[in-house]
Amino acid sequence: MNIVVCISSVPDTTSKINFTENGSKFDSSGIQFVINPYDEFGLTKAMMLKEKAGGNVRVITVGDALVEPVMRKALAIGADSAIRINANPTDSYFTANEIAIYLKENPADLIIAGRESIDYNSGAVGGMIAEILNLPFVNACNGLEIDGNSAKLCREIEGGKENLSASLPLVIGGQKGLVEESDLRIPNMRGIMQARSKPLMVIEPSSDENLTSSESFEKPAEKSACKLVEIGNEAELVRLLQEEAKVI
Amino acid sequence: MSQDLYQAPDYFLMDELLTEEHKLIRGAAREWVKREVSPIIEDACQKAEFPKQIIKGLGEIGGFGPYIPVEYGGAGLDQISYGLIMQELERGDSGIRSTSSVQSSLVMYPIWKYGSEEQKMKFLPKLATGEFIGCFGLTEPDQGSNPGGMVTNIKDMGDHYLLNGAKMWISNAPFADVAVVWAKNEKGRIKGVLVERGMEGFTTPETHGKWSLRASATGELVFDNVKIPKDNILPNKDGLGAPLGCLDSARYGIAWGTIGTAMDCYDTALRYAKERIQFGKPIASFQLQQKKLAEMITEITKAQFLTWRLGVLRNEGRATSAQISMCKRNNVDMALNIAREARQILGAMGITGEYSIMRHMMNLESVITYEGTHDIHLLITGMDITGENAFK
Ligand SMILES: Cc1cc2nc3c(=O)[nH]c(=O)nc-3n(C[C@H](O)[C@H](O)[C@H](O)COP(=O)(O)OP(=O)(O)OC[C@H]3O[C@@H](n4cnc5c(N)ncnc54)[C@H](O)[C@@H]3O)c2cc1C
């Protein structure tokens, strides 16, 4: 089976997020980048599928040279090759369109994106790729079994799960459940050494089309200090909740 | 132990001096320590048990001989990669790093550098995966800082040697499959001997009751007329310089490793100081606590650059033993001081196993003694700069 995993390079979850240029630009100084956690579940699933049934795993990203360490890590974990479309993505459509253009030329049986990236969270790339390529799409996918040309899938829905079936080729937006956290792989020495000689292809973007553009970012207001109300002073608590916090 | 929230400080952007591959290797070791070591290490130390279940993983992340060439099962990495792996392992626990540096520098290194082709093929690939565990016997009950005075000896019996004597304080001894033992021949020349588990007359009693390196097993090697096949002698180097060459490699690893413990103690103390409120303010806002924390990051930063430079010199084959001594001595002392200060920042919480600091501090009491004591390394620097030997 021919699998492509879409990888986004995102700030580590413990990063302190700041913006510059009047809140319009993300400040990447001092930030550690990691494989988007939802994509890592997908990559691990891809490795397991390959180990079971054979095939080939490619990882693809849209980004500048700064994302290469994350791609190299994906190779060290076991992907066979990596593709970097050399552009700073401007919106979800731009990213999806570039990946779809690549996939038209270089098709895959299974395309795994994350349900969303944990930085901009638009959760749209997988769906858009499917739409452009006219393929089925299952988002928030937390279970996947493949048998020949057909797939049985599980999807998280409010308060439960939905079981689906679809035929390949197929696009999914993966998340935990595809594999568990304990299945995630740390690159071992052999993997790191092999990654040296695996291809990391850089291709230029085909268009500069985007459908949205972001104006600025705002961080949530700082949490104010905790207020303690003495026992016996419940009236004051109710007043604070009503007048200051305005929640009742 | 509470959740491992470790974030490595990099105050002077040393990362920019590392390659992408260095960072990948370090990242893998760091993740592995968070996942496999942090959750179990406190318990292993409290029970004084070596956590054997980590051996396979330790091999996979390059904990065993990462600089050994690929044809012998190693990863063929450079010295900075080796250092970074040691840094991450010791960030977890000095005992885990000890197991790894004994195997890498004191067992695989001499077999690789002084061994025959057959010895290399027989032992190195299995040591690299952790299928074999090795130990290194130099110290004796009556010979610590002065290993040249050793009494353990081999006698040529024609078709084999007879080994007699005892080694003490030997890391990994209780479960080692192979021991690299240093013994004198009839002419008083020090030879490297490969002693294998199961050889008659060879026993390895464990040393109990340690307050330090509790997750690393320590023991004795006792040789009572052990028959050693002639093929088990390391052919390509002898004399005190042979074990000292191994110690150079191990001390270099310790220099990096102890930066890891210092970073862990600093990181823990910094986080705690920002969160702990006394007199209505975080204790991090008091000058005395800031002085401790500021001095810690200053010392860590200095050690990082000293050690990085030593790594570059080692990669070029130019690092001297005296430079390695200076760096080992400086860094262990730096880490021990930081552990002590950090423990105080945590107040009473600092003495519990909830945090790693007290464990690091107790471990470092061994690290400042083994592989050449703090005093001896100072005397090595003294001799190097004055030309006068003050320890004999
Ligand atoms: C946990 C642990 C693990 C170890 N693992 C190993 C191992 O795997 N293999 C191995 O071979 N050894 C190992 N050792 C032994 C270690 O290397 C020795 O303990 C060390 O070399 C010091 O020797 P000693 O303990 O006999 O101290 P001594 O040499 O007796 O020293 C005692 C004190 O006297 C000082 N001193 C000694 N000579 C002089 C001098 N000339 N001038 C000034 N001061 C001096 C020392 O600095 C020290 O403070 C281990 C030790 C420990 C604690």
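A polar contact here is a pair of N or O atoms within 3.5 Å. Keep that cut-off handy for the exercises below, and remember that this is a predicted model.

**Exercise 1. Work out which polar contacts the ligand makes with B:S171, B:D375 and B:L138**.

Step 1: Start with B:S171. An N or O atom in its side chain sits 2.9 Å from a nitrogen atom of the ligand. With the cut-off at 3.5 Å, that pair counts as a polar contact.

Step 2: Go on to B:D375. Here the side chain again supplies the N or O atom, and its partner is a ligand oxygen at 2.8 Å.

Step 3: Finish with B:L138, where a backbone N or O atom is 3.0 Å from an oxygen atom of the ligand.

Step 4: Now look at the cover. On its own the ligand exposes 970 Å², and the protein buries 68% of that.

**Exercise 2. Describe the shell around the ligand and the space it takes**.

Step 1: Count the neighbours. There are 18 residues around the ligand, and B:T139, B:S145, B:W169, B:T373 and B:D375 come nearest.

Step 2: Sort the shell by class: nine residues are nonpolar, seven polar and two charged.

Step 3: Trace the shell back to chain B. Both β3 (160-171) and α10 (374-386) supply at least two residues each.

Step 4: Place the ligand. The space it takes is the second largest pocket.

**Exercise 3. Classify the aromatic pair A:F19 and A:F217, and say what it ties together**.

Step 1: Searching the whole structure over all chains gives 18 aromatic pairs. In the pair of A:F19 and A:F217, the centres are 4.8 Å apart and the planes 10° apart, so with under 30 degrees counting as stacked, this pair is stacked.

Step 2: A:F19 belongs to strand β3 (residues 19-20) of chain A, while A:F217 is in the loop between β13 (200-203) and α6 (234-244), so the pair ties together parts 198 residues apart in sequence.

**Exercise 4. Find what is unusual in the backbone at A:P169 and A:N22**.

Step 1: The peptide bond from A:L168 to A:P169 is cis, with omega near -5°. A:P169 lies in the loop between β11 (160-167) and β12 (170-174) of chain A.

Step 2: A:N22 is not a glycine, yet has a positive phi of about 55°. Its place is the loop between β3 and β4 (25-26) of chain A.

Terms used: Residues are numbered from 1 along each chain as its sequence is written. Chains are lettered from A and ligands numbered from 1 in the order in which they are written. This is a predicted model: local features need pLDDT of at least 70, side-chain atom pairs count only at pLDDT 80 or more; totals for chains, interfaces and linings use all residues. Side-chain values use heavy atoms; hydrogens and water are left out. A residue is near a molecule or strand if one of its heavy atoms lies within 4 Å of it. A polar contact is a pair of N or O atoms within 3.5 Å; within protein, one must be able to donate a hydrogen and the other to accept it, and residues adjacent in sequence count only if both atoms are side-chain atoms. Accessible areas come from the Shrake-Rupley method with a 1.4 Å probe; for residues, only the protein chains shown count as cover. On a 1 Å grid over the protein atoms alone, a cavity is a set of points where a 1.4 Å probe fits but cannot get out, and a pocket is an open set with protein on both sides within 12 Å along at least five of seven lines; lining residues have an atom within 4 Å of a point. A molecule sits in a cavity or pocket if more than half of its atoms lie within 2 Å of its grid points. Helices (H or I, at least four residues) and strands (E, at least two) are DSSP runs, numbered from the N terminus. Ala, Val, Leu, Ile, Met, Phe, Trp, Tyr, Cys and Pro count as nonpolar, Asp, Glu, Lys and Arg as charged, and the others, Gly among them, as polar. Rings of Phe, Tyr and Trp (its six-membered ring) pair if their centres lie within 6.5 Å; planes under 30 degrees apart count as stacked, over 60 as edge-to-face and the rest as tilted.
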